[in-house]
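Below is a short report on one protein chain. Look over the sequence and the model before reading on.

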Amino acid sequence: MALVDTVVSLIPLLGKAPPPIAYTFVEPRYQWVPDVALKKIHSQKGFLLAWLSLTNLSSAVLRNVRIKLPFAPEYEPNVEGSSRSVAMAVAYDRPVSEFRLDKLDPDEQLFIAIHLLPDEAHRFTEPQVIIGDRLLSRGMRTAGFVKRSPGEALLMTAAIGSVVAAAGMAGFLLYRTLHPDAGTLAIEAAVATLQHRGCVFKSFPATMVNDTLLAKHERDEAFLLHINQVVTRKDLLAKEQVVLCVSQ
């Protein structure tokens, strides 16, 4: 955990980093409520509950936190906090379907439970969370996940890295198979014509071929022309790659 805290503390040196925030939203789910309770509160046959939580994992105070619901449900949501002061400080503005909190101190948590009737649940979408003048971003959530669950974050990063590396290697091998370089093609062609042993094939760019290099060829010129699949020395020097059979 100390390592993660150190890394998170160094991030601002690289630029304006988002504050780490742990955020969870659970979509509406049916809740078990006794029939007698349902009859007392409503004639509906079911009740659904959606909830969200917000935790300030940074060392700074989050100012002007706003949570905007898509609409105001019939029953007023319940608000809880990691401390009584947090819950008491949250204001719910029903006409605009919005919760407001002036500040959320470091390590403080906010929980909101939203009770929905079945016809409301179909229309309910994830609330918008605005902190200061910024919409809660993926960067804030990612930083929060890394700080809260460093082990899982490292495992996930390693897994993604392994998949990317494997895909890259597969792509490289496929490319080399479909687009072999000229030197490889020249050697493969020479190997296919191999009738002699005692030397190994090496490919050289035509710009390097001269009498000194050709003198290193272990066989006669007929064999040299044969393994390069040409008829004359002029044809040989016109190739992009020239294969010689040199001593091991």
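Which residue lies over the face of F71, and at what distance from the ring centre? R123 does, at 4.4 Å from the centre of the ring. The model is predicted, and the sections below go from the whole chain to single residues.

## The chain as a whole

The chain has 248 residues, and 33% of them are buried. Its secondary structure amounts to 10 helices and 11 strands.

Sequence separation comes next. Take the contacts between residues at least 6 apart in sequence: 69% of these join residues at least 24 apart.

## The open sheet

One open sheet is built from 4 strands. Their order is β1-β2-β7-β4, with antiparallel pairing. The edges are held by β1 (21-31) and β4 (78-81). Each of these has a single partner strand, so one side of each lacks a neighbour in the sheet. On average, and with direction ignored, neighbouring strands are turned by 15° against each other.

Strand β7 (residues 109-116) is joined to β2 (residues 47-56) by 8 bridges, and the two run antiparallel. Across this pairing, S53 has F111 as its bridge partner, and T55 stands opposite Q109. On the β4 side, 4 bridges link β7 to β4, again antiparallel. There N78 is bridged to A113 of β7.

## S53 in strand β2

Is S53, a residue of strand β2, buried or exposed? It counts as buried, because its relative accessibility is 8% and the cut-off for buried is under 20%.

Sequence neighbours within four places are set aside here. S53 is then in contact with A22, Y23, T24, L110 and F111. F111 is also the bridge partner of S53.

## Nonpolar cores

The largest nonpolar core has 27 residues. Which of them touch the most other members? They are L54, L110 and F124. Two or more residues come from each of β1, β2, β3, β6 (98-104), β7 and β8. Another core lies apart from this one. It has 11 residues, among them L213, L225, V230 and V246.

L54 has a long contact list once neighbours within four places are left aside. I21, A22 and Y23 are on it. So are V65, L104 and V129. E108, Q109 and L110 complete the list. As a general background, nonpolar side chains in soluble globular proteins tend to be buried together.

## Aromatic pairs

How many aromatic pairs does the structure hold? There are 2. F71 and F124 form an edge-to-face pair, 5.8 Å centre to centre with 85° between the planes. F71 sits in the loop between β3 (62-68) and β4, and F124 in the loop between α4 (118-121) and β8 (128-131), so the pair ties together parts 53 residues apart in sequence. Both F71 and F124 are buried. F71 also has R123 over its face, while F124 is among the residues that touch the most other members of the largest core.

Y92 and F99 make up a stacked pair. Their centres are 4.6 Å apart, and the planes meet at 25°. F99 is buried, with a relative accessible area of 2%.

## P77 in its loop

P77 belongs to the loop between β3 and β4. It is buried, at a relative accessible area of 7%. Leaving aside neighbours within four places, P77 is in contact with L69, Y92, F99, I112, A113 and I114. Y92 and F99 are the partners of the stacked pair. A113 is the bridge partner of N78.

What separates P77 from A50 in sequence and in space? The two are 27 residues apart in sequence, and their C-alpha atoms are 9.6 Å apart.

## Positive phi

Most residues other than glycine have a negative phi. S97 has a positive value, near 55°. Its place is the loop between β5 (91-93) and β6. S97 is buried, with a relative accessible area of 8%.

D107 is not a glycine either, and its phi is positive at about 70°. This residue lies in the loop between β6 and β7. Is D107 buried or exposed? At 59% relative accessibility, D107 counts as exposed.

Notes: Residues numbered from 1 in each chain as written. Predicted model: local features only at pLDDT ≥ 70, side-chain atom pairs only at ≥ 80, totals over all residues. Heavy atoms only, no water. Pairing = 2+ DSSP bridges. Axes fitted to C-alpha atoms, helices over the stretch in contact; angles between N-to-C directions. Phe/Tyr/Trp six-rings, centres within 6.5 Å; stacked < 30°, edge-to-face > 60°. Buried < 20%, exposed > 50% of the residue type's maximum accessible area, 1.4 Å probe, protein only. Lys NZ or Arg CZ within 6 Å of the ring centre and 35° of its normal. Core = buried A, V, L, I, M, F, W, Y, C linked by side-chain atoms within 4.5 Å. Contact = heavy atoms within 4.5 Å.
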